[in-house]
Amino acid sequence: MTATSLISGGSRGLGLATVERLLARGDHVATFSRSSSAELAALAAKYPDRLLTATFDAADSGAVQAFVRTAADRFGGITHCIANAAVAYEGVLAMMRDDEIDHMLAVNLRGTILLVREAVRAMLGGPAKPADAAAADGRSIVVISSVVATHGSPGLSVYAATKAGLEGFARNLARELGPRGIRVNAIAPGFLATDLSASLPEEHRHRIERRTPLGRLGTPADIVGAIDFLTSRRAAFITGQILPIDGGSS
Ligand SMILES: NC(=O)c1ccc[n+]([C@@H]2O[C@H](COP(=O)([O-])OP(=O)(O)OC[C@H]3O[C@@H](n4cnc5c(N)ncnc54)[C@H](OP(=O)(O)O)[C@@H]3O)[C@@H](O)[C@H]2O)c1
């Protein structure tokens, strides 16, 4: 049976690369972001029957709920959920504005929890199955964290707090959902060359490259292989793990 993968933030960066990879392996894919992109529109034209896209804010609980239901109805359920959408405001805590703090908490932490809750509801929505039968379905959740959740970086304390929260969320949810055959893992990338890190000052970027054994910033292509793996049967006995992918910097 064709798997259905739900991916937040599929218009750019790591989310877009994940949409592309999971479509290429044959999944049905449902993704959303606040705005679309030319790259995502091209994928929608290439895969009209397997890609569902929408534009709304991850912090909008009603919209998230409606989208997950639409995706589950269209494709016959949800197999995997990759919670990827996030925002980052860099700055020392003393200068951080209320709206910046609220936005990071609303999108990164609350938005991820809302999305995963709806995905889990859809996954559990069918008739109850014994754990081993459910495991055979290979359902899974992957939460995108960041190495800054465990290894500090000046100017990212609030962003790091949201990511550290997500790692606790993933570890605990893995225990809750294991008996239902749903695996939950997190990936913690190091700095990636995407829009999210575009404001990183040149000197800071060079410092990261110098302290990274593999000598460069990561790219979405460095991360999607692990998402592909964790959402496959090859990872059938892996749950509750946080996987750093950072060129060896942590
Ligand atoms: N870049 C890094 O250095 C780095 C390092 C470690 C971890 N990460 C994590 O990796 C993930 C992907 O990051 P990225 O670098 O690919 O970021 P990105 O290039 O900025 O892309 C973020 C994606 O999320 C969407 N998004 C942002 N806010 C949203 C909202 N409120 N509602 C719905 N969609 C929203 C964006 O689309 P719209 O703006 O159109 O909504 C976009 O599709 C994030 O969880 C990030 O925290 C990134």
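Student: What makes strand β1 (residues 4-8) and β4 count as paired?

Tutor: β1 and β4 are joined by three bridges, in the parallel sense. Two strands pair if DSSP finds at least two bridges between them, so three bridges qualify β1 and β4 as a pair. In that pairing, leucine 6 stands opposite cysteine 81 in β4. Keep in mind that this is a predicted model: local features need pLDDT of at least 70, side-chain atom pairs count only at pLDDT 80 or more, and totals for chains, interfaces and linings use all residues. Residues are numbered from 1 along each chain as its sequence is written, and side-chain values use heavy atoms, with hydrogens and water left out.

Student: And why are β3 (51-55) and β7 (242-245) called the edge strands?

Tutor: Look at the order first: the open sheet has seven strands, β3-β2-β1-β4-β5-β6-β7, with parallel pairing. β3 and β7 each pair on one side only, and that's what an edge strand is here. Ignoring direction, neighbouring strands of this sheet are turned by 15° against each other on average. The labels come from DSSP runs, numbered from the N terminus: helices are H or I with at least four residues, strands E with at least two.

Student: How do you know that β6 (residues 183-189) is mostly covered?

Tutor: Seven of the seven residues in β6 are buried, that is, under 20% relative accessible area (exposed is over 50%, partly exposed in between; 1.4 Å probe, protein chains only). Arg183, Asn185, Ile187 and Pro189 point one way, Val184, Ala186 and Ala188 the other, and all are buried. Next door, β5 (residues 140-144) runs parallel to β6 with five bridges, and isoleucine 141 sits opposite valine 184.

Student: Why does alanine 45 count as exposed?

Tutor: Its relative accessibility is 62%, so alanine 45 clears the exposed cut-off. Alanine 45 belongs to helix α2. Threonine 79, in the loop between α3 (61-75) and β4 (80-83), goes the other way: at 14% relative accessible area it is buried.

Student: Why are α1 and α2 called roughly parallel?

Tutor: The axes of α1 (residues 13-24) and α2 (residues 38-46) cross at roughly 15° and come within 10 Å. Axes are lines fitted to C-alpha atoms, for helices over the stretch in contact, with angles from 0 to 180 degrees between N-to-C directions. Under 35 degrees is roughly parallel, over 145 roughly antiparallel, 65 to 115 roughly perpendicular, the rest oblique; α1 and α2 are therefore roughly parallel.

Student: What handedness does the crossing of α1 with α2 have?

Tutor: Left-handed: the near helix is turned anticlockwise from the far one by less than a right angle, whereas clockwise would be right-handed. Leu16, Val19, Glu20 and Leu23 in α1 meet Glu39, Leu40 and Leu43 in α2, where contact means heavy atoms within 4.5 Å. By class, that contact has five nonpolar, no polar and two charged residues (nonpolar: Ala, Val, Leu, Ile, Met, Phe, Trp, Tyr, Cys and Pro; charged: Asp, Glu, Lys and Arg; polar: the others, Gly among them).

Student: What about the handedness of α3 and α4?

Tutor: That crossing is right-handed. α3 packs on α4 (residues 98-124) at about 30°, axes 9 Å apart. The contact residues divide into seven nonpolar, two polar and four charged.
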